[in-house]
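Let's take a walk through this protein together, one region at a time. Have the sequence and the 3D view open as you read.

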Amino acid sequence: MRFTVFGATGGIGQEIVRQALDAGHQVTAVVRDPARLSVGGSGLEVFRADLADPEAVRPAVAGRTAVFSGLGARSRKDAGVATRLTRTVLSAMEAEGTRRLLVVSAAPVGPAAEQDGPVDRAVRAVVSAVLKDIYADLRRMEADIAASTTDWTVVRPPRLQDKPVTGRYRTVVGGAPARGRFIGRADVAHAMLAMAGDPATVKQGVGVAY
């Protein structure tokens, strides 16, 4: 398969690139600074772009099986980045007729699990208040994606960890795993690659956690 990854130098993005290459796929990594990409392989194409111009990005998404995005703010001062850059990706995909899109959002943007207790709900409320600008950005991004013509999936992980891929995690289509507090970036990437071919996740938000 032919995949394109935006945000390919981020923690989840690099894992998507690495795992896709290991599985034998052809991968286009869209980056601003190629020096920050630590992944390599014979199936890798590095596409340098600043995502300011959808026309310039069109060759990176043309004819692809799926497009993955780990674009987002790295801190509160970057709030707005996810919406702005994702609009460029959507415009390029719609112009090329590329359909499948999988994007990283965050658990607090989606619905809470019904089974969550008062502690989980309290933590969620505090985190949502502290990072309200970032989550407002992600909500706008999700709204733009939902209004697009793409066959989208929004993946909503909780607190991210740096740990090796395990392949052992829970996913809930349209909701969130109960008491799902953590997940490794590598396992988010693993889940997204698995969802790429799963029609049950199309036009859905999917919670993923240990």
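We can start inside, with Val 17. Skipping its neighbours within four places in sequence, Val 17 is in contact with Val 5, Ala 8, Val 27, Ala 29, Val 39 and Leu 44. Keep in mind as we go that what you're looking at is a predicted model.

Val 17 is part of a bigger story. The largest nonpolar core has 29 residues, and the ones that touch the most other members are Ile 16, Val 17, Phe 68 and Met 192. Which elements give two or more residues to this core? They are strand E1 (2-6), helix H1 (11-22), strand E2 (26-31), strand E4 (66-69), strand E5 (100-104), helix H6 (185-195) and strand E10 (204-209). Of these, H6 gives the most, with 6 residues. There's also another core, lying apart from this one, made of 28 residues, including Val 57, Leu 90, Ala 92 and Val 109.

Now for the sheet. Picture an open sheet of 8 strands with mixed pairing, in the order E3-E2-E1-E4-E5-E6-E10-E8. Where does it end on either side? The edge strands are strand E3 (44-48) and strand E8 (170-173), each of which pairs on one side only. From one strand to the next, the twist averages 20 degrees. If you'd like to look at one pairing up close, try strand E6 (residues 151-156) and E10, which pair in the parallel sense over 4 bridges. There you'll find Thr 153 standing opposite Gln 204 in E10.

H6, the helix that gives the most residues to the largest core, also has a lot to do with this sheet. H6 lies across E1, E4, E5, E6, E8 and E10, and it runs at about 160 degrees to E5.

Let's drop into a couple of those strands. Val 103 sits in strand E5, and at 0% relative accessibility it counts as buried. Not counting residues up to four places away in sequence, Val 103 touches Ser 69, Met 141, Ile 145, Thr 153, Val 154, Val 155 and Met 192. Take Ile 145 from that list: Val 103 and Ile 145 are 42 residues apart in sequence, and their C-alpha atoms are 9.0 Å apart in space.

Over in strand E2 you'll find Thr 28. Is Thr 28 buried or exposed? With a relative accessible area of 3%, Thr 28 is buried. Leaving out its neighbours within four places in sequence, Thr 28 is in contact with Phe 3, Thr 4, Val 5, Glu 45, Phe 47, Ala 60 and Arg 64.

Phe 3 brings us to the aromatic rings. How many aromatic pairs are there? The count comes to 1. The rings of Phe 3 and Phe 68 have their centres 5.2 Å apart and their planes at 85 degrees, so this pair is edge-to-face. Phe 3 lies in strand E1 and Phe 68 in strand E4, so the pair ties together parts that are 65 residues apart in sequence. Phe 3 counts as buried, at 3% relative accessibility, and Phe 68 counts as buried too, at 0%.

Next, look at two helices that pack against each other. Helix H2 (residues 54-61) and helix H3 (residues 81-96) meet at an angle of about 60 degrees, with their axes 8 Å apart. The way H2 passes H3 is a right-handed crossing. On the H2 side, the contact is made by Pro 54, Val 57, Arg 58 and Val 61, while H3 brings Thr 88, Ser 91, Ala 92, Met 93, Ala 95 and Glu 96.

A third helix worth a visit is H5 (residues 132-146), where you'll find Asp 133. Asp 133 is partly exposed, with a relative accessible area of 43%. The C-alpha atoms of Asp 133 and Pro 158 are separated by 17 Å, and these residues are 25 apart along the chain.

Let's finish in the loops, with a bit of backbone geometry. Most residues other than glycine have a negative phi. Arg 179, however, has a phi near 50 degrees, a positive value in a residue other than glycine. Arg 179 lies in the loop between E8 and strand E9 (182-184), and at 46% relative accessibility it counts as partly exposed. Lys 203 isn't a glycine either, yet it has a positive phi of about 60 degrees. Look for Lys 203 in the loop between H6 and E10; at 39% relative accessibility, Lys 203 counts as partly exposed.

How values were computed. Residues are numbered from 1 along each chain as its sequence is written. This is a predicted model: local features need pLDDT of at least 70, side-chain atom pairs count only at pLDDT 80 or more; totals for chains, interfaces and linings use all residues. Side-chain values use heavy atoms; hydrogens and water are left out. A nonpolar core is a set of buried Ala, Val, Leu, Ile, Met, Phe, Trp, Tyr and Cys residues joined through side-chain atoms within 4.5 Å. Buried means under 20% relative accessible area, exposed over 50%, partly exposed in between (1.4 Å probe, protein chains only). Contact means heavy atoms within 4.5 Å. Rings of Phe, Tyr and Trp (its six-membered ring) pair if their centres lie within 6.5 Å; planes under 30 degrees apart count as stacked, over 60 as edge-to-face and the rest as tilted. Two strands pair if DSSP finds at least two bridges between them. Axes are lines fitted to C-alpha atoms, for helices over the stretch in contact, and angles run from 0 to 180 degrees between N-to-C directions. A crossing is left-handed if the near helix is turned anticlockwise from the far one by less than a right angle, and right-handed if clockwise.
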